[in-house]
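Here is a short briefing to read alongside the model. Keep the viewer open and follow the topics in order.

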Amino acid sequence: MTGERILVVEDNEKNMKLFRDVLSATGYRTLEATNGGEAVELATEHAPDLVLMDIQMPDVDGVEALRRLRADERTAAIPVLAVTAQAMQGDREHFLAEGFDGYLSKPLNVRELIGTVRQHCDGRAG
Amino acid sequence: MSEPSPTGRERPVDAEIRRPLSRGYDRLVRAVGRLPAKVSTKLLIAFVGTSLVLVTVGLLGQRVLGQSNDRVGSLGALQERAVAYGQLQRDAWHVRALLAQNVGDDFYGVWPGGDPGDAGDPVALDTAARDAVDRVGAATTVDRLGFAPPAEEAETLLSIRSNAEQLSTLIKRLIDLDKVIVGQLAKIGKRESPPGDERWLLLREDVERLAMDVYQQAAQLGNEKTAQIDDLIARNASSFQNSRDLFIGVSLGAIVLALLLGFVLAWSVIGPIQRIDARLAGIASGDFSGHVDVENRDELGGLAANVNRMNDELRRLYTELEETSRHKSEFLASMSHELRTPLNAIIGFSEVLREEMFGPVNEKQAEYLDDIISSGNHLLSLINDVLDLSKVEAGQVELEVGPFSLREALERGVVMVREKATDEGVQVELSAGPEVDVVEGDERRIKQVIFNLLSNAVKFTPTGGEVDVSAIRVNGEVRVSVADTGPGIAPRDHERIFEEFQQTDAGLEQLEGTGLGLALSKRLVELHGGRIWLESELGKGSTFVFTLPARSASP
């Protein structure tokens with residue numbers, strides 16, 4: 001367990017709980033934000049190792065939040081994964097083109113979530 | 001003419017590039033367009049106008065011909081008179097000639113005894129002269145002339161006749177005197193100055209003078225006629241030239257007028273039609289921004305007004321439709337999100353439990369968790385398919401058509417079902433040649449169709465069975481068939497299974513599948529302009545076939 005800090009951006013309370021429980025059970029520490037603005041603040045303040053970014057959120061959405069993170073040199077290098085329920089075909093390509101480092105569709109497959117998070121954290125550590 | 005422009009306001013530009021010369025013409029065309037009459041009425045007026053001009057030309061031509069004919073007629077009559085008067089003139093001259101033989105320098109020569117052999121007998125000569133004078137007199141009568149001379153000529157003719165009669169009387173006396181002299185000479189028998197000489201000479205002088213008068217009168221008539229003929233010919237020539245010039249002028253005028261009328265009228269119709277056509281082309285391509293500007297107060301004006309109204313109405317409907325469509329689109333997107341969010345929690349927490357991340361679950365609990373997860377996933381695919389289908393139905397699916405390798409798409413599809421097929425002991429074979437290496441279509445959508453057909457085929461094929469996938473190019477289209485050795489489908493169900501939520505009994509038993517896959521596949525294939533159908537009988541397996549129009553040939 002490396003204890004990397006993962007910023008979870010999610011507006012649904014139940015889903016947030018699922019992320020929190022799965023990630024902490026897997027050995028990660030979590031930071032929690034319920035909208036894009038809050039996510040950018042937390043990321044700037046705590047410099048997490050990975051951001052799991054919901055796309056559709058009130059106020060600042062995931063794409064805009066990503067743009068702000070990339071614009072700030074303190075947060076520009078943090079990998080950000082899109083987590084979205086907009087799982088229509090072609091969305092993966094769309095989000096990768098927007099500049100996300102990866103893509104997870106809801107509903108999440110727990111194994112896939114853990115696998116993807118590990119891959120990005122290890123890649124960063126290595 | 002100008003290309004249909006998206007703004008629909010090409011006319012002012014068009015007017016600007018016109019040469020100044022055609023501005024007046026343009027104004028005329030537009031003025032004709034503004035006349036408050038039907039096109040048919042305008043055409044009728046133009047036709048009648050042109051016809052009248054042509055009739056005028058015809059009448060004028062007829063008049064010219066008539067005049068020419070009249071002149072030829074009067075020329076003929078003149079010539080007839082000229083011939084008659086010429087004859088009269090020659091006869092009168094003959095009289096003088098005969099008389100001259102009897103007088104002149106050779107006066108004595110004519111007398112017998114002088115040299116009677118050389119000269120004529122004076123009595124015979126004068127008798128001949130008298131006969132000639134009588135002929136001249138007779139020739140002046142209407143009967144002999146064969147025509148009625150005009151009053152002036154008739155007077156002259158009358159005078160000629162009376163002179164001739166007088167001359168004839170005088171010559172008669174001269175002949176009598178001749179006979180006396182001849183008789184005297186015969187008695188004398190020698191060549192001396194004959195007796196009665198003075199009388200004879202005086203009489204002879206009178207005869208000569210009168211014969212001269214007759215001749216001059218006849219000559220005057222003849223010369224007058226000749227002069228008249230010359231004059232008539234000259235007048236005829238100049239009159240013909242004038243008539244010809246007038247005729248050509250009026251004909252040219254008529255042609256120019258007819259052409260002008262035709263062109264002006266035609267362009268007062270064609271111009272607006274071209275502008276209306278350009279506007280309609282714009283409307284047809286979805287541009288409702290402009291109005292067509294037609295000043296005509298005829299049917300075309302009405303047409304343009306209706307086109308403009310249609311444009312406005314279409315723009316309104318189009319805006320409404322866009323609004324509705326955007327609402328529907330937003331609704332679909334948010335429904336997708338709203339349905340998936342709770343599903344995420346349901347499936348996620350079930351998986352967390354099933355993975356025993358927070359402690360062990362017993363066998364029954366694990367089984368139930370599996371049921372929750374698979375039902376959740378089933379619900380997820382239903383949501384996906386319903387969303388896909390409603391997007392297609394709403395016309396929101398826009399194909400991203402491009403060249404792609406159908407062979408690779410099929411290989412990918414086979415790879416995706418390979419695991420399940422191997423698990424169930426089903427063999428999957430693919431045969432696709434290089435001829436389908438490049439086809440036109442929306443790769444993602446075609447893959448969706450291929451995957452749907454393949455997973456159906458694997459699903460319904462019993463252990464030990466076989467799924468054969470093939471792609472060929474036939475008759476200008478690409479044909480993909482997926483054949484299985486499953487239970488087959490009764491012909492009565494062949495149409496039904498392509499409808500939404502329609503499954504065969506075998507399908508319902510499978511408990512998976514949404515009943516939407518084939519409906520969606522059918523829509524997607526048809527969106528490409530292809531067809532999809534089923535060849536199957538109960539117990540003999542099923543073959544699903546779909547085609548794509550081969551837009552581009554193999555390289």
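## The hairpin of chain B

In this predicted model, β6(B) and β7(B) make a hairpin with five residues between them, and Gly539(B) in the turn has a positive phi of about 85°. From there, the briefing moves to the rest of chain B and then to the sheet of chain A.

**More on the hairpin strands**

- Strand β6 (residues 532–536) of chain B pairs with strand β7 (residues 542–549) in the antiparallel sense, over five bridges.
- Within this pair, Leu534(B) has Phe544(B) of β7(B) opposite.
- In a regular strand, side chains alternate between the two faces of the sheet.
- β6(B) shows such an alternation: Ile532(B), Leu534(B) and Ser536(B) point to one face and are buried, while Trp533(B) and Glu535(B) point to the other and are not buried.

**Chain B as a whole**

- Chain B contains 13 helices and seven strands.
- It has 555 residues, of which 39% count as buried.
- Its accessible surface comes to about 30,800 Å², with 57% of that belonging to carbon and sulfur atoms.
- Taking contacts in chain B between residues at least 6 apart in sequence, 75% join residues at least 24 apart.

**A nonpolar patch on the surface**

- Eye-catching in chain B is a nonpolar surface patch formed by Tyr25(B), Leu28(B), Phe247(B), Ile248(B), Leu252(B), Ile255(B), Leu259(B), Leu260(B), Phe263(B), Trp267(B) and Ile270(B), with about 950 Å² of accessible area together.
- The elements that give two or more residues to this patch are α2 (21–34) and α7 (197–284) of chain B.
- α7(B) gives the most, with nine residues.
- Ile248(B), one of the patch residues, lies in helix α7 of chain B; its relative accessibility is 42%, so it counts as partly exposed.

**Two residues to look up in chain B**

- Is Asn311(B) buried or exposed? This residue of helix α8 (residues 299–354) of chain B has 0% relative accessibility and therefore counts as buried.
- Beyond its neighbours within four places in sequence, Asn311(B) is in contact with Arg279(B), Ile283(B), Asp287(B), Phe288(B), Ser289(B), Gly290(B) and His291(B).
- Leu399(B) sits in the loop between α9 (363–393) and β1 (402–404) of chain B, and is partly exposed because its relative accessible area is 22%, between the 20% and 50% cut-offs.
- Not counting residues up to four places away in sequence, Leu399(B) touches Asp442(B), Arg445(B), Leu527(B) and His528(B).
- Leu399(B) and Gly441(B) are 42 residues apart in sequence, and their C-alpha atoms are 7.6 Å apart in space.

**The sheet of chain A**

- Chain A has an open sheet of five strands in the order β2-β1-β3-β4-β5, with parallel pairing.
- Why do β2 (29–33) and β5 (102–105) of chain A each have one side without a neighbour in the sheet? They stand at the edges and each has a single partner strand, so one side of each is left free of a neighbour there.
- On average, neighbouring strands of this sheet are turned by 20° against each other, direction ignored.
- Strands β1 (residues 5–9) and β3 (residues 50–54) of chain A pair in the parallel sense over four bridges, and Val9(A) stands opposite Met53(A) in β3(A).
- Helix α1 (residues 13–26) of chain A packs on the sheet, where it touches β1, β2, β3 and β4 (80–84) of chain A; the direction of α1(A) makes about 165° with that of β2(A).
- Helix α2 (residues 36–46) of chain A also packs on the sheet, touching β1 and β2 of chain A, and its direction makes about 140° with that of β2(A).

Terms used. Residues numbered from 1 in each chain as written. Chains lettered and ligands numbered in written order. Predicted model: local features only at pLDDT ≥ 70, side-chain atom pairs only at ≥ 80, totals over all residues. Heavy atoms only, no water. Patch = residues over 30% accessible without salt bridge, like charges linked within 9 Å, V, L, I, M, F, W, Y side chains within 5 Å. Areas by Shrake-Rupley, 256 points an atom, 1.4 Å probe, with all protein chains shown as cover. Salt bridge = Lys/Arg side-chain N within 4 Å of Asp/Glu carboxyl O. Buried < 20%, exposed > 50% of the residue type's maximum accessible area, 1.4 Å probe, protein only. Contact = heavy atoms within 4.5 Å. Pairing = 2+ DSSP bridges. Axes fitted to C-alpha atoms, helices over the stretch in contact; angles between N-to-C directions.
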